[in-house]
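Please open the model in your viewer and keep the sequence panel beside it. This tour goes from one selection to the next and says what can be found at each stop.

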Amino acid sequence: MGSLCGTMIIILAMLPAILTMADPYCDCDCPQQCEVKLHYYLHQFRAGADHPNRNEEFVTSGGPSGLGAGLIHDWSLTTGLDPNVNIVGRAQGWHIVASQSSPANWYLSQNIVFQDSKYAGSTLQVMGIIEGSEEKVGEWSIMGGTGEFTNARGNIKYRAIKKEDVEWIRELDIQVLYTPNTPSDVQVAKNITKGN
């Protein structure tokens, strides 16, 4: 009993020092998190024999209900509504009909590969569902990243703003938390964390 009591006194005496080491505002060189918010437009030119500019192709046809129909896509990501101006990256991946409801929901897995600006060569790994009707705001998860977006996590809120037979445009609001990998980014992250 005496030994336990002595141990507790030592722990209580050391508690302020332990809590100081756990301070999130420390000046250590440990990785801090940065946050960035991005706003882009995603351009999908739908698959089909009579669609000359398509940026997706069927790889499976699915069953009678459409369940299992899958496409590989290479959608363009731009800063504006014109699909050929200010392309900042590509959304490369696949989407597959994953429900028997009507309209069907699509399971989506893709990498957003940035090709312009300070994020060139960086990626975000994204997963989620494209709801069949797309009448409301949808959301995808950011599950990881590379380059500037090392250890990324976050979300993408999207909404369809143009739905035509050949072309769909989705407006994306991207929120990313990531671990900076350059010394200047680390200092910026420390200043953000400290509120400077």
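Begin by selecting strand 1 (residues 34-45) together with strand 9, which pair in the antiparallel sense over 12 bridges. Keep in mind throughout that this is a predicted model. Within this pairing, pick out Val36, which stands opposite Val176 in strand 9.

Stay with strand 9, which covers residues 167-178, and colour it by burial: nine of its 12 residues are buried, so that the strand is mostly covered. On to its other partner: strand 8 runs antiparallel to strand 9, and 10 bridges join the two. If you follow the chain from strand 8 into strand 9, you pass through a hairpin whose connection is three residues. Along this pairing, select Arg159, which you will find opposite Glu171 in strand 9.

Now select Val176 and display its surroundings. Leaving aside residues up to four places away in sequence, Val176 touches Cys34, Glu35 and Val36, and also Leu124, Ile142, Phe149, Ala152 and Arg153.

Which residues touch the most other members of the largest nonpolar core? Among the 26 residues of that core, they are Phe114, Leu124, Trp140, Phe149, Ile174 and Val176. At least two residues of this core come from each of strand 1, strand 3 (70-78), strand 4 (87-97), strand 5, strand 6 (123-130), strand 7, strand 8 and strand 9. Strand 1 gives the most, with five residues. As a general background to this stop, nonpolar side chains in soluble globular proteins tend to be buried together.

The next stop is the aromatic rings, for which the model has seven aromatic pairs. Select Phe114 and Tyr119 and look at their rings: the centres are 5.9 Å apart and the planes stand at 55°, so this pair is tilted. Both Phe114 and Tyr119 are buried. Then add Phe149, which forms another tilted pair with Phe114, at 5.6 Å from centre to centre and with 50° between the planes. This second pair links distant parts of the chain, since Phe114 belongs to strand 5 (residues 106-114) while Phe149 lies in the loop between strand 7 (138-146) and strand 8 (153-163), 35 residues apart.

Are these two rings buried or exposed? Phe114 has a relative accessible area of 2%, so it counts as buried, and Phe149, at 0% relative accessibility, is buried too. Widen the selection to Tyr40, Phe114, Tyr119, Phe149 and Tyr178, which ring pairs link into a cluster.

For a further ring, select Trp75 and Arg170: the arginine lies over the face of Trp75, at 5.4 Å from the ring centre.

Finally, clear the selections and view the whole protein chain, whose secondary structure comes to two helices and nine strands. Read along the sequence, these elements follow the pattern α-β-β-β-β-β-β-β-β-β-α. Of the 196 residues in the chain, 37% count as buried, and the chain exposes about 11100 Å², of which carbon and sulfur atoms supply 58%. If you display contacts between residues at least 6 apart in sequence, 51% of them join residues at least 24 apart.

Notes
Residues are numbered from 1 along each chain as its sequence is written. This is a predicted model: local features need pLDDT of at least 70, side-chain atom pairs count only at pLDDT 80 or more; totals for chains, interfaces and linings use all residues. Side-chain values use heavy atoms; hydrogens and water are left out. Rings of Phe, Tyr and Trp (its six-membered ring) pair if their centres lie within 6.5 Å; planes under 30 degrees apart count as stacked, over 60 as edge-to-face and the rest as tilted. Buried means under 20% relative accessible area, exposed over 50%, partly exposed in between (1.4 Å probe, protein chains only). Helices (H or I, at least four residues) and strands (E, at least two) are DSSP runs, numbered from the N terminus. A charge sits over a ring if NZ of Lys or CZ of Arg is within 6 Å of the ring centre and within 35 degrees of the ring normal. Two strands pair if DSSP finds at least two bridges between them. Contact means heavy atoms within 4.5 Å. Accessible areas come from the Shrake-Rupley method with a 1.4 Å probe; for residues, only the protein chains shown count as cover. A nonpolar core is a set of buried Ala, Val, Leu, Ile, Met, Phe, Trp, Tyr and Cys residues joined through side-chain atoms within 4.5 Å.
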